[in-house]
Number of protein chains: 2
Amino acid sequence: MSDKKKYLEILERAVEANRLRSFFAQYPEHPKAYPAEAPEKGAQAFRAHLNKDFDELLQGTPEGRAGEEVSPFTREALGIRYPLYSVETLLKNAAEARSAWRKETIEERALILVDALERIKERFFEIANATMHTTGQGWVMSFQASGPHSNDRALEALAMAYEELTRFPREVDWVKPMGKFEIKVHKSFHPVGKGISLAIGCSTFPVWNSVPGIFAGLATGNPVIVKPHPGAVYPLAIVIAELQQALLAAGHDPKTVQLAVDPPGKLIAKELAESPEVKIIDYTGGNEFGDYLESLKGKEVFTEKAGVNSVIFDSVKNLDAVVQNLAFSVSLYSGQMCTAPQNFYIPQEGILENGERIPYEEVVNRLRDAVYGFVHHPKMGPGTLGAIQNERTLKRVQGVDGLEAEVLLAPEAIENPEFANARTCAPSIIEVDAGSELIREELFGPLIQVIKTRDTEHSLQLAHDIAMEKGAITCAAYTTDEETAKRIEERMEEAFVPVSFNLTGYIWVNQNAAFSDFHVTGGNPAGNASLADPNFVNRRFVWVGHRKLAD
Amino acid sequence: MSDKKKYLEILERAVEANRLRSFFAQYPEHPKAYPAEAPEKGAQAFRAHLNKDFDELLQGTPEGRAGEEVSPFTREALGIRYPLYSVETLLKNAAEARSAWRKETIEERALILVDALERIKERFFEIANATMHTTGQGWVMSFQASGPHSNDRALEALAMAYEELTRFPREVDWVKPMGKFEIKVHKSFHPVGKGISLAIGCSTFPVWNSVPGIFAGLATGNPVIVKPHPGAVYPLAIVIAELQQALLAAGHDPKTVQLAVDPPGKLIAKELAESPEVKIIDYTGGNEFGDYLESLKGKEVFTEKAGVNSVIFDSVKNLDAVVQNLAFSVSLYSGQMCTAPQNFYIPQEGILENGERIPYEEVVNRLRDAVYGFVHHPKMGPGTLGAIQNERTLKRVQGVDGLEAEVLLAPEAIENPEFANARTCAPSIIEVDAGSELIREELFGPLIQVIKTRDTEHSLQLAHDIAMEKGAITCAAYTTDEETAKRIEERMEEAFVPVSFNLTGYIWVNQNAAFSDFHVTGGNPAGNASLADPNFVNRRFVWVGHRKLAD
């Protein structure tokens, strides 16, 4: 590896960044930070892949081909045919690759993975197109989320693994004084990966949600099988292809990481997950399958499922700035983020704006108007909303009339100037009674509910209780009162939910930063893992300490 | 706390020791390192507790009393009556204590726990007597295992928790450059304990196996309920009483830790474990109940169960030194240690001693003779063997005749000069066919089996496979060949078993040292936790990171 020194520096900076948790990004999020020709080259590469066999993977002769991706923007099939391998083949390959990979040094494994990230960087713009036309994310988000942000999250997990794997000395001379003599024992401490790792991807953030587990799994000495969502294979396929190139370049079996595409009409995640050789599972997706995975015996399971995120209104300095910030948050990728706010709790007596009372109805109206204004802003709306990943989400939101709720803002398609066929839907707003069961349900997609509460304490109680019961990943709170802020923080903390206070401007509750923000706490039903805390890597290996009596 | 500075030094030394993993002991293991009058005072305190109500606990008016401990040495009831509390009361107390405890600073919590260890130290000799007359351990082992070694293991877990809880900054100013402006966010990172913790003790090592979980649980901000084995309450009751004194002295609710004694004829572990408020469970004991606990949903469960430990004979420098070392290992506490060797694999062609072949039969005979000689040595045998904790273990070993095996050394009572009624049994040795199912069973207590194998590879294969299938905590290997040593290490590592090579003299495979040896790897069915690796503490809390837009 020619760039060994540079890669080691990247790794060490990332380890330091994990410790400090202040701002750090290895991969710039702004597209202009990359070569001027990169966007067009990425678009060309994307077009060149359409309606062809995907033949970049280094995992042996395909046993078939499949591909069923459809662009949410054009509603046309991408026509990319991925190679198929049976579960048996995948497990056999992984088992064969494991022996050499787990015996490779910690340092070398880590440097190969940094090399892979640098290779992936070269394909950020192709990945952006691939992400856009599988997930429905707008272009900027597709670029940032699946490109630099994903690489940073992968590097974060890799750096956390590297720090943990090297935290104890490899060799120790243990000398116990026994009065007139000493006992001398030579000890060696080896981190040993638990076994084959399975990463199950989702359709909305195929790269961002999968790479932390993939990189943590590989870094800790485990071969990884990546089972993408059938609707969003392409972006992950590029990532796996580059990982395989990095492995090959270092003389390792490229099949140390494999892409496992579902054959037509058959989902293989369950069969893979239940295989006794699979010891580690990473999963992002719905609660039902996540709960099933968590119940499997003898596996380390890392989940990010769904939750009910809350917004607590108490008092503000500038209501306009607040509702504009929230309008962006609920519009971003049409609410298809696990971090998107959903339940908006507003006291029946309204809120204070600089000491002046704004009645409940006015708060609601201004929130609604801000959302409406934002999505209809020609420069902001369509690009931020992107498209709806799948028809079911759209149908559910369009059925909002059937809910026991008052519809304040009806679902509405927003024309996309670039893609006339885009499957779009602006956020719908409903008003729901605090006693309704509806407030305990995750409403995935562009649908938020306003809930009139007795007061802020009542809002807090509902937000806390629902987080404990159904899970929550984010909570946005608006209060200018320090005591109230403290109470909200403490109470939500009891439900293991991080609180973002008084966000306005260019920072949003649904975004969080690698190397600083832990994504999901792992403490409530929204998921049992956290990106990337020490548990996220330590649960993937065990320490084995051998002893030898010294001569 | 007057000794704050001293306690902080103890803590910091322990954190450093965890990192270095070379020899360290905060609490000397030699009884003579303690005041000359301490042994007699401890014995007096022990006698003063017999046949009385145990009234040292600070957990409210008892709802009843119970106690059914019987000394394995005298076979007489201790007659100590412990206070009883309903599961409801225990959970209510714990929930009430939780709020203040979790809000206490990490530092203060840790110092209170060091204070508790220093208080416990003052009662080491009473604890030794209490341990001896509940577990059947000989006096020296009772002193060391439940006194200094337990305190060191507790301090090790506490120090690991302290390091993890303080590894990230509490407060961070996160400043993101945005070209012409910056986004400033103030972040705070809080480790939040998962909830009420339950520690389920065992009858053989009531203190040693329980204190790591208790201290890790408390250090990470969780109230702890300690459910001792009904046959070994007293040693843990002293520990809990001193913890409660330390809490009280620091102005905390003593009920932050509680002793939960089973009422007569009823075992409350299951009811406690299944209570939704209980989020963390530490358990040492049999596989069946351990597997059940591991299957409970929504709990962090830490288990140390049973396994089949192996000894692999290949080649030695001095066979006498080897069999003497092993004779001690199998005699120590009559094989009632989870780390005791059980399956002795000897190649059919014998082994090499300094290049000279010693036939299989001779190896077996010399092992048998060494065990026989050791247990009949008046100065060594009785004190090392101790007594058999319970009648069932004795009965099972006495039934050795009924097994499909050749009995090489029959079970035999060894007279204890101090206690004529002691329930004793020297290790029995059976020879079992390599194809027998018996070699896959844990034979708890003084019973080992010799297995004739084709060669060392066959030995290794059996040791590996049985460890993967049934679990194993230790493996002792004897080989003078470096290549063979490497192969054994690598293969056993694949079954997540640490190997001790060529131990002779004053170090034994069944002993391991706090701050250096990880006890149990957590990778095979012998248990899912390791004392005390980072997982042992990190799984007890989550990180919650709050954000506030800076003005």
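## Two chains and a sheet: worked exercises

Turning chain B by 180°, with 0.0 Å of shift along the rotation axis, superposes it on chain A at an RMSD of 0.0 Å (a least-squares fit on the C-alpha atoms of residues with pLDDT of at least 70 in both copies). This is a predicted model, in which local features need pLDDT of at least 70 and side-chain atom pairs count only at pLDDT 80 or more, while totals for chains, interfaces and linings use all residues. Residues are numbered from 1 along each chain as its sequence is written, and chains are lettered from A and ligands numbered from 1 in the order in which they are written.

**Exercise 1.** Work out what relation the rotation of 180° with 0.0 Å of shift describes, and find the C-alpha of chain B nearest the axis.

*Solution.* Start with the rotation of 180° and its shift of 0.0 Å. That is the relation of a two-fold axis. Next, look along chain B: the C-alpha nearest the axis belongs to B:N535, 3.3 Å from it.

**Exercise 2.** Describe the side of chain B that touches chain A.

*Solution.* First count: 54 residues of chain B are in contact with 54 residues of chain A (contact means C-beta atoms, placed from the backbone, within 7 Å). Then find the contributors: β20(B) gives the most, with 8 residues. (Helices, H or I of at least four residues, and strands, E of at least two, are DSSP runs numbered from the N terminus.) Now sort by type: 25 residues are nonpolar, 15 polar and 14 charged (Ala, Val, Leu, Ile, Met, Phe, Trp, Tyr, Cys and Pro count as nonpolar; Asp, Glu, Lys and Arg as charged; the others, Gly among them, as polar). Finally, 100% of the interface residues of chain B are also interface residues in chain A, so the copies meet through the same surface.

**Exercise 3.** Find the strand of chain B that is joined to β20 of chain A, and name a bridge pair.

*Solution.* Strand β20 (541-549) of chain A runs parallel to β19(B), joined by 2 bridges (strands pair if DSSP finds at least two bridges between them). Within β19(B), B:S500 is the bridge partner of A:R547.

**Exercise 4.** Trace the open sheet of 5 strands in chain A and locate its edges.

*Solution.* Read the order as β7-β6-β5-β8-β9, with parallel pairing. β7 (257-259) and β9 (300-304) each have a single partner strand, so one side of each is left without a neighbour in the sheet. Now zoom in on β8 (278-284) of chain A: 5 bridges join it to β9(A), and A:I280 stands opposite A:E300 in β9(A).

Methods
Two residues are in contact if their C-beta atoms, placed from the backbone, lie within 7 Å.
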